[in-house]
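Hi everyone, thanks for making time. I'd like to walk you through one model today, so let me put it up on the screen.

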Amino acid sequence: MNSIPSELAIIGGTGLTRLPTLKIIRREVVHTPYGEPSGPVTHGELFGHQVAFIPRHGAKHNIPPHRVNYRANLWALRHLGIKNIIAVAAVGGISSEMRPCRIAIPDQIIDYTWSRMHTYFDEHLDAVTHIDFSEPYCRALRGRLVGAAQSAGLDALPKGVYAATQGPRLETAAEINRLEKDGCDMVGMTGMPEAALARELDLCYASIAVVANWAAGRGERETISLSEISRNLEQGMNQVKRLLEVVVTRI
Ligand code: HPA
């Protein structure tokens with residue numbers, strides 16, 4: 001996983017259902033053995049480079065995290081010849097550096113999700129298969145993201161542990177205390193099984209996390225509102241767009 005082949009896709013999360021800087025060339029509907037992806041894959045040009053884009057929650061942002069067909073999304077991208085995936089994901093900030101609007105490039109994951117279709121190695125197998133997942137993100141692509149963020153002068157955290165929770169509800173304050181004790185820096189609902197499925201398909205997958213809010217029981221507010229989340233994401237996404245601009249021109 002040390003060299004980066006060129007074909008790149010971006011999976012957009014909450015706050016990034018559309019990539020305004022993408023010059024759209026065509027949309028492609030892909031049917032997969034695992035069902036329908038979140039929508040057609042958009043092929044386009046981003047700062048002069050060919051990129052594919054798929055909004056994880058659908059173009060209308062109406063697919064909740066536990067209902068995203070992660071297997072279909074990743075299978076469709078690989079079917080189209082994609083080798084690299086940058087997944088953008090909104091998170092709640094747990095550790096003190098993870099303040100709202102900041103971006104981070106996570107380097108580890110703890111999975112708290114349940115009952116999601118989380119593997120391709122499920123039935124009709126020739127042999128039981130276990131992928132290595134010691135380092136859940138593609139080292140080469142993560143390195144590119146960290147380097148690009150630095151050279152663009154962005155205030156991005158170069159690492160952090162991502163807690164993947166089931167959702168769609170946000171967490172209790174006690175759950176966040178437990179995640180912190182476990183060593184988690186940020187919490188989101190979509191990082192798994194996406195990262196593991198990408199590894200099962202041998203795709204080079206890394207993520208940009210955007211802090212939408214202080215996680216439950218952190219920060220000054222007693223409750224977390226959707227309007228607060230949207231406002232912070234809008235600001236954070238400007239950094240994501242800048243980071244994508246720098247990174248695509250280097251891949
Ligand atoms: N928890 C889980 N997922 C999230 C959060 C959160 O606080 N904010 C944005 N996605």
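I'll start with the ligand site and then turn to the salt bridges.

One thing to keep in mind is that this is a predicted model. Okay, where does the ligand sit? It is in the largest pocket. Around the ligand you'll find Ala 90, Val 91, Gly 92, Leu 170, Glu 171, Val 187, Gly 188, Met 189 and Asn 213. By character, that shell splits into five nonpolar residues, three polar ones and one charged one.

Which strands supply at least two residues of the shell each? Those are β5, residues 84-93, and β10, residues 186-188. Strand β5 gives the largest share, with three residues.

Now for the polar contacts, which you'll probably want to see up close. A polar side-chain atom of Glu 171 is 2.8 Å from a ligand nitrogen. From the backbone, a polar atom of Ala 90 lies 3.4 Å from a nitrogen of the ligand, and Val 187 places a backbone N or O atom 3.5 Å from a ligand nitrogen. On its own the ligand has 260 Å² of accessible area, and the protein covers 93% of that.

Let's move away from the ligand. How many salt bridges are there? The count comes to eight. One of them joins the side chains of Arg 56 and Glu 194, at 2.8 Å from N to O. Arg 56 is in the loop between β4 (49-55) and α1 (70-79), while Glu 194 belongs to helix α4 (residues 191-200), so this pair ties together parts 138 residues apart in sequence. As a reminder, side chains of opposite charge can pair when their charged atoms come close.

Thanks for listening!

Key: Residues are numbered from 1 along each chain as its sequence is written. This is a predicted model: local features need pLDDT of at least 70, side-chain atom pairs count only at pLDDT 80 or more; totals for chains, interfaces and linings use all residues. Side-chain values use heavy atoms; hydrogens and water are left out. A residue is near a molecule or strand if one of its heavy atoms lies within 4 Å of it. A polar contact is a pair of N or O atoms within 3.5 Å; within protein, one must be able to donate a hydrogen and the other to accept it, and residues adjacent in sequence count only if both atoms are side-chain atoms. Accessible areas come from the Shrake-Rupley method with a 1.4 Å probe; for residues, only the protein chains shown count as cover. On a 1 Å grid over the protein atoms alone, a cavity is a set of points where a 1.4 Å probe fits but cannot get out, and a pocket is an open set with protein on both sides within 12 Å along at least five of seven lines; lining residues have an atom within 4 Å of a point. A molecule sits in a cavity or pocket if more than half of its atoms lie within 2 Å of its grid points. Helices (H or I, at least four residues) and strands (E, at least two) are DSSP runs, numbered from the N terminus. Ala, Val, Leu, Ile, Met, Phe, Trp, Tyr, Cys and Pro count as nonpolar, Asp, Glu, Lys and Arg as charged, and the others, Gly among them, as polar. A salt bridge is a side-chain nitrogen of Lys or Arg within 4 Å of a carboxyl oxygen of Asp or Glu.
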